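Here are my notes for you to read with the model open beside them. Take the points in order and find each residue on screen as you go.

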Amino acid sequence: MVAAPGENMRVNGDRLWDMLMEMAKIGPGIAGGNNRQTLTDADGEGRHLFKAWCEQAGMTVAVDRMGTMFATRTGTDPDALPVYIGSHLDTQPTGGKFDGVLGVLAGLEVIRSMNDLGVKTKHPIVVTNWSNEEGARFAPAMLASGVFAGVHSLDYAYARKDPDGKTYGDELKRIGWLGEEEVGARKMHAYFEYHIEQGPILEAETKQIGVVTHCQGLWWLEFTLTGRQAHTGSTPMDRRVNAGLAFGRILEAVQDAAMAEQPGAVAGVGQAFFSPNSRNVLPGTVIFTVDMRTPSQEKLDRMRARIEEQAAKICAELGVECSVEAVGHFDPIAFDTTLVGRVRDAADKLGYSHMDIVSGAGHDACWASKVAPATMIFCPCVGGLSHNEAEEISKDWAAAGCDVLLHAVLETAEIVE
């Protein structure tokens, strides 16, 4: 007999918080957050802790050839496809304690609470730690889930290099988390992801739960500008081939392109490398990445076209060579309406205030949605701050979203009495 989860079913918020604080001890940052970048020794250590916790909860852990971890709680029907809960344990170089980690450990807390309550489900439940979601060390972001969904090839992923020239494939072997399972061989009944909002809306609207209906589309364009390296003091202004000047003008063009698509479009540059990066040398090369996002496919296409057109024009006028490579992309995503409805219903049933919201950031759920029904749940974060060591949430916020996750997952995995 299949039953609905009762309103009295709640997670252990203290236990979830304790797990978050324990994981945060691994790869500590310099200002209270974390630096647990993907495929570093700290990432390996965090993986071992997560695996130990999963096994203590009676789950079996498998690893695929991208290093993604899958912890499974069996269901009563051996032929039923699993319900997945996923996010990531890797962080930005100066990341917070909750971005990604909340979703993975909340998934584990769902399983622990089910164990405490003696709940069985028809469908297995799998808690997933996707590799390289952040893309901080190896671009693009959401790399492992992208390979899983068939967006990237395994060879492409293995060849990605970090700023030191180390490849993803070599570093995955080095830390000992290269699995044998074929990437993408698993089939999903549904996919849920719980995450901090990474924006200020929920807190400003005093809502406990964000019901995520869509995810913005994204382009990451990496520009390489090649000018002529020269002395800043002795090179006449009219004889310079100034890649730095071209960069500055393109930066303005990026701003203009986003402003032309208001409301609901953003673009900017958060990373740039000048070579040789000396105070009295005009750069011979400038490499930078433009990040543009919007939930509208038409606006996304127009922004990319406008930025590339303006960059080419600017560089031609200055005699600077310009090349561009797309290093990250996904189209706007509409999440599964049935799963979105279950999240909304769970928040209502549990008495949590909520609102529909569009994700401004990319998540593994974007790629998972290509292979299975998927949705997300958001938790507020203080001041909307994320990708920052000062990132903060409250214990009550974390528990509320995890309660909603528990009920939505149980509704989907089907409780068996």
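1. Let's begin with two strands. Strand S7 (residues 190–196) and S17 are joined by six bridges and run parallel. Keep in mind that this is a predicted model. To find the pairing on screen, look for histidine 195, whose bridge partner in S17 is phenylalanine 378. A second marker is tyrosine 191, which stands opposite alanine 374 in S17.

2. S17 has another partner too. Strand S8 (residues 209–215) pairs with S17 over three bridges, this time in the antiparallel sense. Here valine 212 is the residue to look for, opposite methionine 376 in S17.

3. Is S17 (residues 374–379) mostly covered or open? It is mostly covered, with six of its six residues buried. In a regular strand, side chains alternate between the two faces of the sheet. In S17, Ala374, Met376 and Phe378 sit on one side, Thr375, Ile377 and Cys379 on the other, and both faces are covered.

4. S7 tells a similar story. Seven of its seven residues are buried. Ala190, Phe192, Tyr194 and Ile196 point one way, while Tyr191, Glu193 and His195 point the other way. S7 also runs parallel to strand S4 (residues 83–87), joined by three bridges, and valine 83 stands opposite alanine 190 there.

5. Now for a helix. H8 (residues 243–259) has 17 residues and reaches 24 Å from its first C-alpha to its last, close to the 24 Å expected at 1.5 Å a residue. Its buried residues are Ala243, Gly244, Ala246, Phe247, Ile250, Ala253, Val254, Ala257 and Ala258. Looking down the axis of H8, you'll see these buried residues fall within an arc of 165 degrees, so they line one face of the helix. An α-helix has 3.6 residues a turn, so residues three or four places apart point the same way. On the other side of H8, Glu252 and Met259 are exposed.

6. What does the buried side of H8 pack against? The list is strand S9 (217–226), strand S11 (266–275), strand S13 (285–294) and helix H9 (297–318). Have a look at the start of H8 as well: a side-chain oxygen of asparagine 242 comes to within 2.9 Å of the backbone nitrogen of glycine 244.

7. H9 is worth checking in the same way. Its 22 residues should span 32 Å at 1.5 Å a residue, and the end C-alpha atoms are indeed 32 Å apart. Lys299, Leu300, Met303, Ile307, Ala311, Ile314, Cys315 and Leu318 are the buried residues of H9. These cover an arc of only 115 degrees around the axis, which puts them on the same side of H9. Glu298, Glu309, Ala316 and Glu317 are exposed on the face turned away from that buried side. The cover over the buried residues includes S9, H8, S11, S13 and strand S14 (321–330). Just after H9 comes glycine 319, with a positive phi near 75 degrees.

8. Zoom in on phenylalanine 223, which lies in strand S9. Why does phenylalanine 223 count as buried? Its relative accessibility is 1%, and buried means under 20%. Leaving aside neighbours within four places in sequence, its contacts include Val286, Phe288, Ile307, Ala311 and Val324. Phenylalanine 223 and alanine 311 are 88 residues apart in sequence, yet 9.0 Å apart in space, C-alpha to C-alpha.

9. A word on the record: an unreviewed UniProt entry annotates residues 216–315 as "domain: Peptidase M20 dimerisation". In the model, that span is 36% helix and 34% strand, with its end C-alpha atoms 30 Å apart.

10. Last, some backbone details to check. Most residues other than glycine have a negative phi, and most peptide bonds are trans. The bond from alanine 139 to proline 140 is cis, with omega near 5 degrees, and proline 140 lies in the loop between strand S6 (125–129) and helix H4 (143–148). Methionine 142 lies in the loop between S6 and H4, has a positive phi near 55 degrees, and is buried at 3% relative accessible area. The bond from serine 275 to proline 276 is also cis, with omega near 15 degrees; look for proline 276 in the loop between S11 and strand S12 (281–282). Finally, glutamine 198 has a positive phi near 65 degrees and is found in the loop between S7 and helix H7 (201–204).

Notes: Residues are numbered from 1 along each chain as its sequence is written. This is a predicted model: local features need pLDDT of at least 70, side-chain atom pairs count only at pLDDT 80 or more; totals for chains, interfaces and linings use all residues. Side-chain values use heavy atoms; hydrogens and water are left out. Helices (H or I, at least four residues) and strands (E, at least two) are DSSP runs, numbered from the N terminus. The expected span of a helix is 1.5 Å times one less than its number of residues. Buried means under 20% relative accessible area, exposed over 50%, partly exposed in between (1.4 Å probe, protein chains only). The arc is that of the directions from the helix axis to the C-beta atoms. Contact means heavy atoms within 4.5 Å. A polar contact is a pair of N or O atoms within 3.5 Å; within protein, one must be able to donate a hydrogen and the other to accept it, and residues adjacent in sequence count only if both atoms are side-chain atoms. Two strands pair if DSSP finds at least two bridges between them. UniProt positions are given in the numbering used here, feature names are shortened, and annotations may be inferred rather than shown by experiment.
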